[in-house]
Amino acid sequence: MDVKGKSLFLVLASSGMRIGEALRLKVEDVDLISDPPRINIRGKYTKTGNSRIAFISFEAKESLEEWLKIREEELKVAVKRSRYGKKTEDQRIWPFEANIAYFIWRNAISKSGFDKRFQYNNGLRRFTVHPHVLRKFFRTRMATVIPVDVVEALMGHEGYLTEVYRRYSIEDLAKFYKQGEHTLLVFAESENVSKLRAEIEEKNRQLQALVNGLIAENMELKTGLKSWRSVWRKQGNFLE
């Protein structure tokens, strides 16, 4: 998957926002300096008409920064190739329509080897594996760590927004997000996983050192035993 697709889908997976909301975002809506990085989803972007703040993981931030470095040049190339009057003045972060996003998604799924799971469902009128699963991914993972009502509000579910925003400040929500951020990582390791890996590697080194010490000690014992046997033989011959 190219950098624009990777950045888009990592943002979706780590924020819980809808793909339609993401594709309307402008560069000015994103704050990559704050920790965690946050996105201002304006009311006119949303399904419910309510604005909200969403957060993204450091992994999504890094991918988004990579995309923003080449976005302008990519847009110029797309404008030259376009038959539909595409303009370089497009201020959206991802200056393309949903059909392009779905094409990138389908192409990635196909290359991943999940073709059989990615079939058109005539009943639902959509593919069985689609970008909406990233919202489900977000809810399932985050709900294991932070309150469900906070998760629902971060996703933009109308029934939770007002109450959660009344009870918690944006900084409170940011703290909640940081608590669950590690559950949303796709390619990167969380700090906890890295720490656990380092601890396991250190214990393995200690065990290996212990084994090496036991092997060396065993060799010394064998050498000593061989020497004693030699002495005993000599003494036996002398006594005879």
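**Entry 1: a lysine with two partners**

I started with K178, which forms a salt bridge with E181, and I found the closest N and O atoms 3.2 Å apart. I keep in mind that this is a predicted model. I then looked for E181 along the chain and found it in the loop between α8 (170-180) and α9 (191-239). Is E181 buried or exposed? I read 6% relative accessibility for E181, and since buried means under 20%, E181 counts as buried. I also listed what E181 touches, leaving aside its neighbours within four places in sequence: the contacts are S57, F58 and M142.

Next I turned to the other partner. K178 also forms a salt bridge with D35, and here the closest N and O atoms are 3.0 Å apart. K178 sits in helix α8 while D35 sits in the loop between β1 and β2, so this pair ties together parts that are 143 residues apart in sequence. I noted K178 as partly exposed, because its relative accessibility is 36%.

**Entry 2: a closer look at D35**

I wanted to place D35 properly. The loop that holds D35 runs between β1 (30-31) and β2 (38-41). How accessible is D35? The value is 57%, and because exposed means over 50%, D35 counts as exposed. I also checked D35 against F55, 20 residues away along the chain, and their C-alpha atoms are separated by 8.9 Å.

**Entry 3: the small sheet**

I followed the strands from there. Three strands make an open sheet in the order β1-β2-β3, with antiparallel pairing. Why do β1 and β3 (52-55) each have a side without a neighbour in the sheet? They stand at the edges with a single partner strand each, so one side of each is left free of a neighbour there.

I counted bridges next. β1 and β2 pair over 2 bridges, in the antiparallel sense, while 4 bridges join β2 to β3. I used I39 as my landmark in β2: V30 stands opposite I39, and the bridge partner of I39 in β3 is A54.

Which residues of β3 are buried on its two faces? I found R52 and A54 buried on one side, and I53 and F55 buried on the other, so both faces of β3 are covered.

**Entry 4: more salt bridges**

I searched the whole structure and got 16 salt bridges. One of them joins D29 and R42, whose closest N and O atoms are 2.8 Å apart. The two ends lie in distant parts of the chain: D29 is in the loop between α2 and β1, and R42 is in the loop between β2 and β3, 13 residues apart. I compared their accessibility too. D29 counts as buried, because its value is 4%, whereas R42 is partly exposed at 21%.

I went back to β3 for R52. Salt bridges that share partners join R52, R18 and E21 into one network.

**Entry 5: the nonpolar cores**

I then asked which residues have the most contacts inside the largest nonpolar core. That core has 29 residues, and the answer is L8, M17, L64 and W94. At least two core residues come from each of α1 (3-15), α2 (19-22), β2, α3 (58-81) and α4 (98-112). α1 gives the most, with 6 residues.

I picked W94 to see its surroundings. Leaving aside neighbours within four places in sequence, W94 is in contact with K4, S7, L8, V11, A22, L23, L25, L64 and W67. There is also a second, separate core of 18 residues, and L154, V164, L173 and A174 are among them.

**Entry 6: stepping back**

I finished with the chain as a whole. How many helices and strands are there? I counted 9 helices and 5 strands. From the N terminus on, I wrote the order down as α-α-β-β-β-α-α-β-β-α-α-α-α-α. Of the 240 residues in the chain, 34% are buried. The chain exposes about 15,500 Å², and carbon and sulfur atoms supply 54% of that.

My last lookup was about contacts. Taking those between residues at least 6 apart in sequence, I found that 59% join residues at least 24 apart.

Terms used: Residues are numbered from 1 along each chain as its sequence is written. This is a predicted model: local features need pLDDT of at least 70, side-chain atom pairs count only at pLDDT 80 or more; totals for chains, interfaces and linings use all residues. Side-chain values use heavy atoms; hydrogens and water are left out. Buried means under 20% relative accessible area, exposed over 50%, partly exposed in between (1.4 Å probe, protein chains only). Two strands pair if DSSP finds at least two bridges between them. A nonpolar core is a set of buried Ala, Val, Leu, Ile, Met, Phe, Trp, Tyr and Cys residues joined through side-chain atoms within 4.5 Å. Contact means heavy atoms within 4.5 Å. Accessible areas come from the Shrake-Rupley method with a 1.4 Å probe; for residues, only the protein chains shown count as cover. A salt bridge is a side-chain nitrogen of Lys or Arg within 4 Å of a carboxyl oxygen of Asp or Glu.
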